[in-house]
Each structure stands twice: as structure tokens, then as C-alpha cells.
Amino acid sequence: MSSQILAEVCQCVEGFGSAAKEGRWRTTLTIYRPVARDPSSTATSAPVPMPGDLPRDFLGLTLHDRPGAYFFILRHHRLILQADANVQSLMDKLQSYKARVVLHFEGFQYQLGDFMLRVGKCVQSHADTLRGIMMEVEYLPLSSIDKSRQIMEDFLDIWQDAVIKKSLPGQFINVELNFADYGLQDQYTPQHTALQYATCIVQLMATVRS
Amino acid sequence: MMPQAQQTTSAVGALAAPQDPLESAGDATTEAPPKQVALAMERLTRAARVIADIRLGADRLLEALFMAADARDQSNSKAVEFILKEESSMRQHFQDLRALGRQLEDSGVLNGSLKSRGNSWGLHMPLVCPDGAVVAYAWKRQLAGQAGASAVDRTRKRMLASDIAEDAKFFIRIFGLALKAFTDQKRRFFPHLDDEVSGDGEIGIAKKRLNSQGLIMSQREELREKKSLSDILKDLEHEFPNARIFTYQRLDWLKRASLLSSSAIENSSDPLKEQILNHSSNTRFGSVNVAAADQAAVIELLVPSVFRAVVSLHPAGSTNPDAVSFFATDEGGNHIHARGLSVHHVFRHVTEHADKALQYFVCVDNNLSLSLLLRWICSHQTLFSKTCSKCDRLLVMDKSLALLLPPVHRAYQETTTTVSSQTESTPPTKAAHPDHISAYHIGCSADDC
């Protein structure tokens, strides 16, 4: 797992011919940890949530193309919430959750005809160790997940073929996500993207552990 | 029985785009004052109209000749009267055109160096010019908009005028030949026309495909039932329940196009809002659909989540399509109209192919062209799911364009041949069900597709 591989993957994209490098992008994912409160220190009459009640896998996400929005995901409860970016300062003031791990997905963005590709590495903030390499593929003409399924699968096949030729250690895995579980509909939205990043991270961690 | 007059396509469509820019800017030494420019423009417009009339007259004459050729005895005399009447009106038109030509010459718009330009009939064929309609229209607008003539504009005006003159000459020749051929056998019409006219090849091939008998039969069909716009749309709705079809007046469409741009951005996270938008526009224009079918100038074909096609009719309320364009369902903005281009490559290529299909349908069978076109458009509902009939894959990298595209070419010849053969076979089966229309990648297209 090194930057060399990332460079190779980028070359793979550029090898498609008309891929135009468009610039850098960055998405930040924060894994929160609940802050344990000391019941005696609170002066309010509001009920103090017991540590056991607080969700464990609370994720927060900033997407690269939506700087004004912040996404919260509770994976076990299958909830996703889109909020204004100012909610982060609110979180700081409330001090009910603390950021346990902050991960950055960053890299280059390419336009390949009607496809928008974002190839990037996953690094932990302040650590600079490469955790993984990921790619986001967006097919611009369609917004329906159902209608674009075949196109995306075909693209994945073409991509896998191109990557195999480079004989890199490791391969790209696409995890299918059931959006309906989270109450999302067929029309693709930034919330879908947020969920996909969350799944990506989970997948990444699962692979690292095994 | 008087033969019905065929619809004429716009006169502007008759003018072709000259391929090489003239270097004769040096000819114009004096500045043309704006008044002369306006006068010249007006004369050019009149000339264009006269040519349209000539075309219409020529069509009518040919039709009458046809009818006379295989009609029964009682209609023969009527056909002869009709021909005589048309002949005198044609003579009048030609005299008008000559007069206009002389006026233009005198005002210095046409000059000798342009008249001697070579004969390139393949490019000047008035029946089909895939770009001609658009370019000439754009020029007219451009010229009209720039009252103060620059050297470039003067050159262009001269080119336009010389094209009109050459078109007129072409008509005179073809008319003379047609009359000569009539005194021989009827069958010698088409070879004559093909030799003269099919420089481009595509229309020649199209006419050769429909044998003369098929053409006579389809002409009979035309004359018997000329469907109205609302009939065509109703049939289409039955056949394609997925597609949503709306009609608009031209200005109404422009308003809707700008609404689309604002809604595309906001509604991406709110499908309920989009439903409301569609519903409200439907009810707002829904009553217009039924009531003002004679003013409908724009047809919108929406296959939800797949594409939006915009067809323009000219003149309003008729069944003559004159432009078509494809867009993504989420696309919005002022470029969403029948002559606009999508921002997405896939839809651009589909639109390019659709232009050819439109010209084919118009050429082959003018009265059925709208229903053929709309059915062909609806066959694109499988644009992102139907694999190529040749290589059996969906997404393929096109080497020359370096783009990943699904099969964007859908065959259009197949629709018409099965429609014409349908008139001969007795159980009236559905003609070329759109699921059976083959799709091809750009690189996989058969040569005659």
C-alpha cells in the first residue's frame, strides 16, 4: 500500500485517452466517540443520557462538492441526516461527541466523457499513513440508480480489465449498498454519496482487520 | 379527385450551406449603406419565398403526373386541367424570380464572379440538407441582426444570393426534364431524378429501396388518411405507456425550459417537488394540449429518468417535424430546445443521429414523418439497457472519440420498410415494435444505418 500504487491507478485512468485531469478533491469522514459525562457536573434539569444509550458508530461526513452540508450517519440504526455545515461548531459547543478518528479521502478528479472519476487515497489526518485507495465513479447523464445499474456494472468491468493489465497488488472491490434500508429513493442524491463513503470505510476496516 | 397538396417544408430548408468561404472580399470596394442592405435582404427573402412556391408547384405537378399515370379515365381530364393551371403559375413564379434576380444584380449583390461558380449539385440538393436548414436560418438571423454590413457579411449575403440563383436554375432544369420524361414512359421519372439529385447518395438509396409500386401504395395511404397531431399523440401514448408527451406553444416551451434549470438543481434531493412541478406544468399546459393542438409548435417526449426529447414543428399545429434534440432528464437551461445540444456526450451523439433519421423520415414519407419520428424516439427508452446488436455489449470505449458510450445509433430504415410492407400484408400486425429496433454503437453501425 503505497503512493506508487496510487500513481499507477492514476495512470490507468489517464490511459483511457480523453480523461481530463480536473483538479483535486477531498472528502472528510469523522468517526465520533461519545463523551462520557459526569452526572454530577451538569446543572441542567434535562435528563442526562447514559453512556449506554449513545450510539457507537456515529459518522460525520463532509463531501467534496457540498461544502455547505454536513452528513450524519448512524449505521446500526440505518439513519442518515443532512445538516448545514455550521452544525459542526454546534457539536463543538455541545461537547457530547468527540472526534475519535478523522479520515481524509483526497486525490485527483478526471472527466472521461460522461463519467466523472475521482481517484484518491485514504489517509488518516495528522498521520499521513496511507490506509487505502478508492475511486468514485459518477455517470453524469443519469440520476436514477435503477436505470444506471447496467452502465455502472459495465464500467466496472472495463475498469477491472484495465487495472488487471497493470498487475497491481490488490484489486478494486465494489460493495453494493441497499439504499432503501436507509429510506433513500431511486433518485441519486448527495446522501447516497455519503452513505457510499461510509460503506467504503467499513469495507476498508474490515479488509484491514482480516 | 383533386390531389391533396403536400405540405411544403420551410423555404429556408431549401438553401444549402456553401462549403468554401469566398475570397472575393476585394470585390466590394464601397461601403453598402444600411438601407441598401435592408433592401437586398428583403429581395432575398422574397426570392426565397418564390423558390418555395416553385418547389411546392413542382411537387404538385409530379403528384398530378403520378395520379394521371395510374388513375382511371374520369380523373384524367381533371388532372390535365390541374397540370395546366400549375404550369401557368409556375411560369409566373419563374418570371418573378428572374425579375428579382435582375434587381439583385443591379443593386450589386450578385456579380459575375459568383455566377460562374461550379455546379455542385450533390451539396445543393434542396430536398435534404442536414445542416442546411440550421445554417441558413442562423445566417438569416445573423444578417438581419447586423444592419451595418461588414465586409464579411456582404460576402455572405452574396453567397446566399448566389445560392438562391443556383437553386432556381436547378428547379428550371429539373422541371424541364420531368416534363420531357412524362412524354416517354412513366418509369423513367425516377432514374432521371436519381441521376440528377442523388449526389449525396443517402436519399438516392432511400428512394431505390422503396420500389415504385411501394411508393404508389404509400402515396395512396397518405392521401387517404392524413392524421392530425392529436391523433398521432394519442396513438403514441397507447403504444408507449412509459413516455410522457406534452405539447407547447413555442414561447411556453421557453418558459418551461428555464423552469427546468432552476428545478434541476433544487429538486435533486426532493423527488416530491419534481412531481409537483410536473403535475402543475401538466395541468397548466394540459388544457393547452387538448384545446390548442393547432398552435402546438413544440412536442416534449419525456421518458422518466432516461431522456427528454424535444421536437419542433413547423409551422405550428402541423405534423411536420423540423428539428429534434435529446437531453438528460435532469438537464435544465435555455439550451433545452429542438435545436440545442445537450451537455452530455451520449445525448449529443443521439441527437446527431436523430438529425439523420429525421431527414430520412421526412424524405421518404412526409405525411407519416412525425409519427415515424416519435416512435423512433420512443425506441430510445432502452438507451441505457439495450445491448448493441452487433457486439452485444452495452458500454464500449469508442476508439476514435475516446469516449465510453452505450449504443447510441438506432436503426431508422427498419421502421419505414416494415410500415410500407404492412400496407400489403393483410393481418395488420404492429409495425417494427420498438423493442426490435436494433441499436448499434457508433463504431458498430452497419454502413446503411
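## Ground rules and a negative patch

Helices and strands here are DSSP runs, numbered from the N terminus, with at least four residues (H or I) for a helix and at least two (E) for a strand. Keep in mind that this is a predicted model.

With that labelling, Glu176(A) sits in the loop that links α3 (145-164) to α4 (190-209) in chain A. Its relative accessible area is 57%, and exposed means over 50%, so Glu176(A) falls in the exposed class. Glu176(A) also belongs to a negative surface patch, together with Glu153(A), Asp157(A) and Asp161(A).

## A hairpin in chain A

Chain A has a hairpin built from β3(A) and β4(A), with 4 residues between the two strands. Strand β3 covers residues 66-74 and strand β4 covers residues 79-84; they pair in the antiparallel sense, over 6 bridges. If you want a spot to check the register, look at Tyr70(A), which stands opposite Ala83(A) in β4(A). In the turn, Arg78(A) has a positive phi of about 55°.

## Other backbone oddities

Which residue between α2 (87-94) and β5 (97-112) of chain A is worth a look? In that loop you'll find Gln95(A), and its phi is near 60°, a positive value in a residue other than glycine. Gln95(A) is partly exposed, at 47% relative accessibility.

Chain B has a similar item to list: Ser305(B), not a glycine, carries a positive phi of about 70°. Ser305(B) is placed in the loop between β2 (298-303) and β3 of chain B, and at 22% relative accessibility it counts as partly exposed. There's also a cis peptide bond in chain B, joining His314(B) and Pro315(B), with omega at about 0°. Pro315(B) belongs to the loop between β3 (307-313) and β4 (321-327) of that chain.

## Salt bridges within helices

How many salt bridges does a search of the whole structure find? Over all chains, the count is 12. One of them joins the side chains of Glu42(B) and Arg46(B), at 3.1 Å from N to O. Both residues are in helix α1 (residues 34-70) of chain B, 4 residues apart, or about one turn of the helix. An α-helix has 3.6 residues a turn, so residues three or four places apart point the same way. Both partners are partly exposed: Glu42(B) has a relative accessible area of 40%, and Arg46(B) has one of 34%.

Helix α11 (residues 250-266) of chain B holds another such pair, Lys255(B) and Asp252(B), which are 3 residues apart and so separated by about one helical turn. Their side chains meet in a salt bridge of 3.7 Å, N to O. Lys255(B) is partly exposed at 46% relative accessibility. Asp252(B), at 15%, counts as buried, because the buried class takes everything under 20%.

## Salt bridges across elements

Are the partners in the bridge between Glu300(B) and Arg256(B) buried or exposed? Glu300(B) is buried, at 0% relative accessibility, and Arg256(B) is buried too, at 2%. Their side chains meet at 3.3 Å, N to O. Glu300(B) is in strand β2 of chain B while Arg256(B) is in helix α11 of chain B, so this salt bridge ties together parts that are 44 residues apart in sequence.

Over in chain A, Arg118(A), Glu136(A) and Glu138(A) form one network through salt bridges that share partners.

## A buried helix, and a long-range pair

Why does helix α14 (residues 369-378) of chain B count as largely enclosed by the rest of the structure? Because 10 of its 10 residues are buried. The buried residues of α14(B) include Arg375(B), Trp376(B) and Cys378(B), along with a run of three leucines, Leu372(B), Leu373(B) and Leu374(B).

Back in chain A, strand β7 (residues 130-139) contains Arg131(A). Arg131(A) is partly exposed, with a relative accessible area of 32%. From Arg131(A) to Leu103(A) the separation is 28 residues in sequence and 9.0 Å in space, C-alpha to C-alpha.

Key
Residues numbered from 1 in each chain as written. Chains lettered and ligands numbered in written order. Predicted model: local features only at pLDDT ≥ 70, side-chain atom pairs only at ≥ 80, totals over all residues. Heavy atoms only, no water. Patch = residues over 30% accessible without salt bridge, like charges linked within 9 Å, V, L, I, M, F, W, Y side chains within 5 Å. Areas by Shrake-Rupley, 256 points an atom, 1.4 Å probe, with all protein chains shown as cover. Salt bridge = Lys/Arg side-chain N within 4 Å of Asp/Glu carboxyl O. Lys, Arg positive; Asp, Glu negative; His and termini not counted. Charge placed at Lys NZ, Arg CZ, Asp CG, Glu CD. Buried < 20%, exposed > 50% of the residue type's maximum accessible area, 1.4 Å probe, protein only. Pairing = 2+ DSSP bridges.
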